[in-house]
Amino acid sequence: MDKNIGQDQMNALFEEVSHYFSLLSEPTRLKILHALCDGERPVGEIVQHVESTQANISRQLNMLYRYGVLARRKEGTQVYYRIKDQSTVDLCREVCGKIGKELEGRQTLDKSALARFMAGKG
């Protein structure tokens, strides 16, 4: 971090970072991001992938969209979502990989599923 940043600016930065991480702290939102790691999907596919209700997924998608994590476009009656910034995908994969490796040592974890996830294929 730049040492020239004032305390007020630093506090504002930490507030924003904290809010960003709080968005990623909800499991359904992480599942949505996982569903979108390989690209854009319509809402119906996201609902099937995450295995939650349409209402819950829509609420979570809107929250991620409002904060700028997701982008969306409408085509006819379909709404498509995608992750706006690849760094979000990279961050999630890094953290999930770290936690996955820790879990591997504590309990049975499907190593092939973890490898597919880390490669962006799962």
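In this predicted model, the structure holds 1 aromatic pair. The partners are Tyr 20 and Phe 21, whose ring centres lie 6.0 Å apart and whose planes make an angle of 70°, an arrangement that counts as edge-to-face because the angle is over 60 degrees. Phe 21 has a relative accessibility of 45% and is therefore classed as partly exposed, given that this class lies between 20% and 50%.

The setting of this pair is a protein chain of 122 residues, of which 29% count as buried. The chain contains 6 helices and 3 strands, and, read from the N terminus, its elements follow the order α-α-β-α-α-β-β-α-α. Among the contacts in the protein chain with a separation of 6 or more, 47% are accounted for by residues 24 or more positions apart.

Helix H2 takes part in two helix packings, which are set out below.

| Helix pair | Residue ranges | Angle | Distance between axes |
|---|---|---|---|
| H2 and H3 | 27-36 and 43-50 | about 120° | 9 Å |
| H2 and H4 | 27-36 (H2) and 54-66 (H4) | about 80° | 10 Å |

With an angle of about 120°, H2 and H3 are oblique to each other, because this value falls outside the ranges for roughly parallel, roughly antiparallel and roughly perpendicular axes. The crossing in which H2 passes H3 is right-handed. On the H2 side, the residues that meet H3 are Thr 28, Lys 31, Ile 32, His 34, Ala 35 and Leu 36, while H3 contributes Ile 46, His 49 and Val 50. Sorted by class, this contact of H2 with H3 comprises 5 nonpolar, 3 polar and 1 charged residues.

For H2 and H4, the angle of about 80° lies within the range of 65 to 115 degrees, and the two helices are therefore roughly perpendicular to each other. Here H2 makes the contact through Thr 28, Arg 29 and Ile 32, and H4 does so through Asn 56, Ile 57, Gln 60, Leu 61, Met 63 and Leu 64. The residues of the contact of H2 with H4 divide into 5 nonpolar, 3 polar and 1 charged.

Taken together, the residue lists show that Thr 28 and Ile 32 of H2 take part both in the contact with H3 and in the contact with H4. Lys 31 of H2 appears in the contact with H3, whereas Arg 29 of H2 appears in the contact with H4.

Technical notes
Residues numbered from 1 in each chain as written. Predicted model: local features only at pLDDT ≥ 70, side-chain atom pairs only at ≥ 80, totals over all residues. Heavy atoms only, no water. Axes fitted to C-alpha atoms, helices over the stretch in contact; angles between N-to-C directions. Helix = DSSP H or I, 4+ residues; strand = E, 2+ residues; numbered from the N terminus. Parallel < 35°, antiparallel > 145°, perpendicular 65-115°, else oblique. Left-handed = near helix turned anticlockwise from the far one by under 90°. Contact = heavy atoms within 4.5 Å. Nonpolar A, V, L, I, M, F, W, Y, C, P; charged D, E, K, R; others polar. Phe/Tyr/Trp six-rings, centres within 6.5 Å; stacked < 30°, edge-to-face > 60°. Buried < 20%, exposed > 50% of the residue type's maximum accessible area, 1.4 Å probe, protein only.
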